[in-house]
Amino acid sequence: MTPEHVLDRLELGLRTHDDVLTPIADPKYGRLKARLLRQLGSSRDWLPGIADEFTTLLETTIRYAYLCYDIGRKMGGSYTEHLRKRDKDGKKQKVDEFLFHQHYREVLQFSALFGVVNSEVIDKAGGRTDILVSFGAVQFNVECKIEEDDASEHALRQYVAQAAEYQNTNAGFAILLALDKTIGAEGAANVFSSIWIEPVRRPGEPEPCLVVIIRVPGGRENPNQLRPAPAP
């Protein structure tokens, strides 16, 4: 016997944020996120005041990876030329780590993290962090590297010690963002195969620092130039 307009208001009031997201959810992204959070959750540092904050940073960085994979050859303009093989004049790109992490920083600045992002922070564990995200006393660093020779999982592990070192006085979580400049004529590995966690455990430590590696493709050919690998 409740009036229809009242029922409509009740229905709207009962809808949740998850209800809105469910129809547009990506099952593969959900599986990726669940795998990462399961591994991260095994750490004793996965505490209130740390877990949600790092999850926010991780999700934003994964969205950045999606952007790098999907951005058009013209849509990004000169700002994202490092993601393509050549610019409009047919000249090879010259990209250094500063330009790469500046691009990532600008993406963070347009996210919910805009007020807590700092770059080129000096005097951090005797070095200088590329990106430092500060949630009050809880801080996480993101190291940005360009790899031109070998961007395999084994090879990228050489960079994780630096990211872990910057977390020595904070929670044991960090991110390594790697621009893969080794993309060949067969194309880039997909995004789901390019995100994984590397544990870094030094002598005397009871458990490792967990560094999430996110590899994004750089210097890619136009897709219509790609060819499949020879059949095995």
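Me: At what relative accessibility does Arg202 count as partly exposed?
Reply: This is a predicted model in which local features need pLDDT of at least 70, side-chain atom pairs count only at pLDDT 80 or more, and totals for chains, interfaces and linings use all residues. Residues are numbered from 1 along each chain as its sequence is written, and side-chain values use heavy atoms, with hydrogens and water left out. Buried means under 20% relative accessible area, exposed over 50%, and partly exposed in between (1.4 Å probe, protein chains only). Arg202 counts as partly exposed, at 22%.

Me: Which residues are joined with Arg202 into one network by salt bridges that share partners?
Reply: A salt bridge is a side-chain nitrogen of Lys or Arg within 4 Å of a carboxyl oxygen of Asp or Glu. Arg202 meets Glu165 in such a bridge, 3.1 Å from N to O. Shared partners join Arg202 into one network with Glu165 and Glu205.

Me: How many residues apart in sequence are the parts that Glu198 and Arg157 tie together?
Reply: The closest N and O atoms of this salt bridge are 2.7 Å apart. Glu198 lies in strand β5 (residues 195-200), and Arg157 in the loop between α6 (153-156) and α7 (160-165). Helices (H or I, at least four residues) and strands (E, at least two) are DSSP runs, numbered from the N terminus. The parts tied together are therefore separated in sequence by 41 residues.

Me: Is Glu198 buried or exposed?
Reply: Its partner Arg157 has a relative accessible area of 37% and is partly exposed. Glu198, at 12%, is buried.
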